[in-house]
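Dear colleague,

I am handing over the structure we spoke about, and below it you will find what turned up when I went through it. Please read the notes with the model open beside them.

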Amino acid sequence: MAFNKDEMHAPKWMDSAFFEKVLKQSENDPGLVVSESKIIPGTKPGDHFASIIFRVTVAYTSRGQDHEVSLIIKTIPEQEGLKRDLLKDGEIFETETIMYQTVIPEMIQLLRSVGDNTELGPRLLYSSKVPTWVMVFEDITKRDYQMKYSQLNLDEAKIVYTKLSRWHAASMYLADTLPIITELDNSLGKLMDSEFSNLWLGHIATLAKLCGGWPGFESYTERLENMKGFILTKLKEIYQVKPTNLFNVLNHGDMHSKNMMFKIEEGVTTDILLLDYQISFWGSPACDIIYSLYNTCSVETRDNHRDELIKFYHDELTATLNKFGYLKKMPTLLDLHVEIVKCGHLETFLCCTFLPFMILSFDELMPASTENPEEGVELDFADKEKMEGIMLKVFQHPAYVSVIQRYLPTLLHKGYLDFSTEIMVFYKEEMRAPSWMDELFFEKVLRKSEKDPNLSVNSCTISPGSKAGDHVMSAVLRATVKYQSGGADGGEQHETSLIVKSLCDGHVRTYVEPLFETETIMYETVVPEMERLLRTVGADTEFGPRLLHSSKDPTLVMVFEDLNKRDYTMKYSQLNLHEAKIAFTKLARWHAASMFLADTLPAIKTPNKGLLNMAQYANAKWAANIALVAKLCHDWPGYGIYAERLEKFVQTFTERLKRIYESQESNLYNVLNHGDFHYKNMMFKTMDGVTSDILLLDYQISVWGTPAIDLIYALYTALAVETRDNHRDELVKFYHDEFVSVLTKLGYLKKIPTLVDLHTEILKCGHLEPFWTCCLLPYMMIPMTDIAEIQKDIQGGVDMTDVDKLKKIKLAMFQHPKYTEMVKRYLPVFLHKGLMD
């Protein structure tokens, strides 16, 4: 037998003293003495990834009797690598410990109370964080359970779906009395921002390339390539709890055949136990159902018995809920099928990434791995070239090729390969163009930008230019314009796409006019000069789109190139670490160029007040948002103290903002702030699913002042929670290093600000942190399409003048579990930093 390389040698702490500690606890015998322990690898290569596992035989004496026991030890690898990076924070071990110590025992007790003696998994004997994350289980091979190295037939699938349905039913019944069940969220969706994302996108790229060489499958290449730009975001949405879910359960999260142990009698499986509860989470049951259909069931079982098994699961789910006396609405079989369809893109993802590794044995995946079994086997995910070679062989295996060539047309016909037609919810005011936006208008624009006075426009087609929630201070439309150069009687035919940004006719028009003037100065004067300066020192930087036209007639309007045509797109989730570094590089260069030019380009210091220019329009809304968070705090046990402080903050935040945005003289240094540096004001270019460049939009509230304005704003409105929580100081230093480097290249002769200066400015402006957390963060974290109220407006657009509708949307966002979980963590931090005084 070949073993995982990192399981060939046990860590030094795993000795007789450790096992004595474990057994003293599990056997409840403080006098227990271990005489001998023998450790061997616990699994075969390919059986698992998110841990290392050992099997130990321990001889010991307890209460005068000699005993021998076999234990399974699950812990974190000591050697550096992707596996250790994934596990070192212990989050998945913490989830699994909660499952084994709290959730599973409660579910088993509930089942037994109605005469159901279902056993879900092995018994946890011991867990600890010292000297590292470690869990010790009974060795269920001693109870005749074993691994099975093939996917499940129909009878075995029914055993698994019986267990899964009872698991789900128990979680639904216990959800109100055992709150931890609904708080678990360490799902596969969270891994979409991990190093695994590049690995999975590589799998999709490999399949896309292979499709190009299969006759009749060439069209799938483009669809799969396109999918790489959307699939990770889509998966994160699927794994989130949404108000639109018809029902939720506690998902196992990793229901594949290698996370199961089988009791087999005379060649027939009689029982199956479930392992590995590391990514269990509360959400749609479709996640477990779809995941298990592809990763547990054999091809024959899945292809011939899919709907039969779904009904079998549902029958058992409702039967168990009825035994419990469940009083809420019982999910129908139709509800379940609707959830599965809504989460259908998970099927595409699994087919393109996990499936070949589930249907092929490890020897088929890596046939050379058995040559020197005594050395152990290692999958080095950091070795890109080696992994690409392995993946290519895996995806070319006849067993997988046969399956995927049958599945791709099915996925296509179900719409699960369609990512370019995602539901778009638009603002109502962008559902139709104003009367002045016609052929004559675009003819005027293009004659100027193309320097062709005889240019003639033939037609223009106008559509909404952004999704609801992307902006509020203007109307943005996309125009496809067909024109002829050199006049109507001759010349070449052309087609171009333009972005038109104009004043809304509605509620914000009065307040926005000064902002358009600021943005015009930025695009026509400041930004071109900063880009020119940076080119002189070899720091070529493109900050944003090209402005083609601006005018006050017939209204304030700006026309830009359409960055979509250069493969830039919006991104509907906050930034990971890689993306944040690209954005902070741009921001550092923007700030450095502005400092250098400040004395020679007076327009740099022209933008003043920034956000304060919106105060008359926005103050009441911000106050209402802070008050809403205060109200929610009153409803959360233990958060009353924060409610009181936030209620006081409502009375003082306007003065605090004024001091921050107008106190240039007391600042350690000043820069030209972008002012509105959130991810919806960015456009992203991706290659092979990885962001390669970011351009910045919307310079309406740029302001000369402390760099802390942009830094704090970006930390909360641009970065993903994980990025902000785990890399905040790293990113601040990254920004400062780039900032200093550019100033040095430019030959800046004044005092260069230190990193301490920057941190001091951030601390001085720290009240912005609770302010943005309460006022903007929910709008940045929660996709608009997650809100049930929005679903009603898909066809007609969101009416931004419908006050009652907006209140419902806002309440749903502020009560969203993703936001409430985060704000509950942040409020104590703000309190302890003095930011709520």
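In this predicted model, the count of cavities of 30 Å³ or more comes to one, and about 40 Å³ of space lies in that largest cavity. Its lining is made by F649, F653, R656, L657, I660, H767, L768 and F771, and the elements that give two or more residues to it are α21 (640-662) and α25 (768-775). Helix α21 gives the most, with five residues, while by character the lining divides into six nonpolar residues, one polar and one charged.

Turning to charged pairs, the structure holds 40 salt bridges, of which I describe a few here. E96 is bridged to K74, with the closest N and O atoms 2.9 Å apart, and this pair links distant parts of the chain, since E96 sits in helix α3 and K74 in strand β3 (residues 65-75), 22 residues apart. Both E96 and K74 are buried, and the two belong, together with D276, to a network of salt bridges.

A second pair joins D303 and R406, whose closest N and O atoms are 2.8 Å apart; because D303 lies in helix α10 (residues 299-324) and R406 in helix α16 (residues 398-413), the pair ties together parts that are 103 residues apart in sequence. D303 counts as partly exposed at 32% relative accessibility, and R406 counts as partly exposed at 40%.

A third pair is formed by K581 and E730, with 3.4 Å between the closest N and O atoms. Here K581 lies in helix α19 (residues 577-597) and E730 in helix α23 (residues 721-746), so that parts 149 residues apart in sequence are tied together. K581 is partly exposed, at 27% relative accessibility, and E730 is partly exposed as well, with a relative accessible area of 36%.

Helix α3 (residues 91-113) also holds V103, which counts as buried because its relative accessibility is 0%. V103 and I180 are 77 residues apart in sequence, and their C-alpha atoms are 8.0 Å apart in space.

On the surface, L246, L334 and V338 make a nonpolar patch of about 270 Å². Of these residues, L246 lies in the loop between α8 (231-238) and β7 (249-251), and L246 is partly exposed, with a relative accessible area of 42%.

With best regards

Definitions and conventions
Residues are numbered from 1 along each chain as its sequence is written. This is a predicted model: local features need pLDDT of at least 70, side-chain atom pairs count only at pLDDT 80 or more; totals for chains, interfaces and linings use all residues. Side-chain values use heavy atoms; hydrogens and water are left out. Patches are made of residues with over 30% relative accessible area and no salt bridge: like charges are joined within 9 Å, nonpolar side chains (Val, Leu, Ile, Met, Phe, Trp, Tyr) within 5 Å. Accessible areas come from the Shrake-Rupley method with a 1.4 Å probe; for residues, only the protein chains shown count as cover. A salt bridge is a side-chain nitrogen of Lys or Arg within 4 Å of a carboxyl oxygen of Asp or Glu. Helices (H or I, at least four residues) and strands (E, at least two) are DSSP runs, numbered from the N terminus. Buried means under 20% relative accessible area, exposed over 50%, partly exposed in between (1.4 Å probe, protein chains only). On a 1 Å grid over the protein atoms alone, a cavity is a set of points where a 1.4 Å probe fits but cannot get out, and a pocket is an open set with protein on both sides within 12 Å along at least five of seven lines; lining residues have an atom within 4 Å of a point. Grid points are joined across faces, edges and corners, and a volume is the space filled by probe spheres set on the points. Ala, Val, Leu, Ile, Met, Phe, Trp, Tyr, Cys and Pro count as nonpolar, Asp, Glu, Lys and Arg as charged, and the others, Gly among them, as polar.
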